[in-house]
Amino acid sequence: MSGPAAGTAVAATTIDVVCLGESMVTFLPSQPGRLADVPAFGRGIGGAESNVACALAAAGHRAAWVGRVGADGFGDHLVETIASYGVDTSAVRRDPFRPTGIYFRTATDRGTDTHEVAYYRAGSAASAMSPANVPYEELFAGRILHLSGITAALSGDCLALLRELTAARPGRPLVSFDVNHRPHLWRGGDADASVLLELARRADLVFVGEDEAEEAWGIVGAEAIRAAVPEPSVLVVKRGSAGATVFASGLRQGPRSSNAGEAEVVTHVPALRVDVVAAVGAGDAFAAGFLSATLRGLPVRDRARHGHLMAAAVLTVPGDLTEPPARDHADRLVALDDDAWGTLRLGPGWTAADRASEEVRTP
């Protein structure tokens, strides 16, 4: 299988993580209030998978983003901006017939009743991704292929593509899947729940929020989620302010094999206390931190702690993306004992500090 020849192929030895998905131009409000009342918007970018790629590249990894954008100015902006983070965008395809998706949002937290998002992505270039038009060589060029449930919701062709990419096959890279349940994107009743569960069970490494598992699958609690998703060798259940619970029976590079006989290790890692500026993009940042530490072969506890630190970096800025903490800085914090980790409190500007004592405040 192969996609169109356009673009420069990504060499198999150069990429750590390949991220596939839709990225959109996002318009951020100049002030709080209803979309009807906001007088002006600033332009940014948004997309779960491209967010992960940008965060990984900023953290020093070799990341590629694969997507499809329109042959328009918004598409130019997306590709140029994502590339400016150091992400390889050579496999991005341009669609001359469909536009780049855009959306507007309010300044309030996504979880509040006053939060509004207006999407203009129906019929977008990304929704036309399919098994027939993606560059498979580039998608399988990295050590990890990162996907999310958002892509599956865009169209029937996009769902078919994710089923192809998560199918067991020789030479498949480790597949990372973030459930990313977005009810407003799905049409068709409970179809989204079964699709997301199916895709999660076909992946090697899965990220899922405890709240979205309850909303999508009616499953409550980390242990029950693991029982419903037993196949992935690593399952990360994000529990908000309570932290994350990681079920791990070993990571594999390549097609999945049976976990039979492997001892399951369950690790709970408390979250950090953070002075939140905006709660957008934290899940993508957590995934990037966890994947970064996975690439480095760190222990499971440290992978989750790096996820929490990456999330804290994004939570303390207004947008979806920010400069992550320097690696040695993050490593020092990750190495703290449990008591010291529990006293950390991070606020705006903490990633710019050269020493942990400059950005850490205790109660």
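Let's start at glycine 342, which has 43% relative accessibility and therefore counts as partly exposed. Keep in mind as you look around that this is a predicted model. Glycine 342 sits in helix 12, the run of residues 338-343. Its C-alpha atom is 7.6 Å from that of proline 270, although the two positions lie 72 residues apart along the chain when counted as a separation in sequence.

**Aromatic rings**

Now for the aromatic side chains. A search of the whole structure turns up 9 aromatic pairs. One of them joins phenylalanine 27 and phenylalanine 104: the ring centres are 4.7 Å apart and the planes are at 15°, so this pair is stacked. Phenylalanine 27 belongs to strand 2 (residues 24-29) and phenylalanine 104 to strand 7 (residues 102-105), so the pair ties together parts that are 77 residues apart in sequence.

Phenylalanine 104 also pairs with tyrosine 120, and here the centres are 6.0 Å apart with the planes at 90°, so the arrangement is edge-to-face. This second pair links distant parts of the chain as well, running from strand 7 to tyrosine 120 in strand 8 (residues 117-120), 16 residues apart.

If you'd like to see how these three residues sit with respect to the surface, here they are side by side:

| Residue | Relative accessibility | Class |
|---|---|---|
| Phenylalanine 27 | 14% | buried |
| Phenylalanine 104 | 23% | partly exposed |
| Tyrosine 120 | 53% | exposed |

Phenylalanine 27 falls under the 20% cut-off and therefore counts as buried, whereas tyrosine 120 is over 50% and therefore counts as exposed. The rings also belong to a wider group: ring pairs link Phe27, Phe41, Phe74, Phe104 and Tyr120 into a cluster.

**Helix 10 and helix 11**

Another spot to visit is where two helices meet. The axes of helix 10 (residues 300-315) and helix 11 (residues 327-334) come within 10 Å of each other and cross at roughly 120°. That angle is outside the 65 to 115 degree range for roughly perpendicular and is not over 145, so the two helices are oblique to each other. Their crossing is right-handed.

Which residues in helix 10 and helix 11 meet? From helix 10 come Arg301, Asp302, Arg305, His306 and Leu309, and on the helix 11 side they meet Ala330, Asp331, Leu333 and Val334. Sorted by class, this contact has 4 nonpolar, 1 polar and 4 charged residues.

Terms used
Residues numbered from 1 in each chain as written. Predicted model: local features only at pLDDT ≥ 70, side-chain atom pairs only at ≥ 80, totals over all residues. Heavy atoms only, no water. Axes fitted to C-alpha atoms, helices over the stretch in contact; angles between N-to-C directions. Helix = DSSP H or I, 4+ residues; strand = E, 2+ residues; numbered from the N terminus. Parallel < 35°, antiparallel > 145°, perpendicular 65-115°, else oblique. Left-handed = near helix turned anticlockwise from the far one by under 90°. Contact = heavy atoms within 4.5 Å. Nonpolar A, V, L, I, M, F, W, Y, C, P; charged D, E, K, R; others polar. Phe/Tyr/Trp six-rings, centres within 6.5 Å; stacked < 30°, edge-to-face > 60°. Buried < 20%, exposed > 50% of the residue type's maximum accessible area, 1.4 Å probe, protein only.
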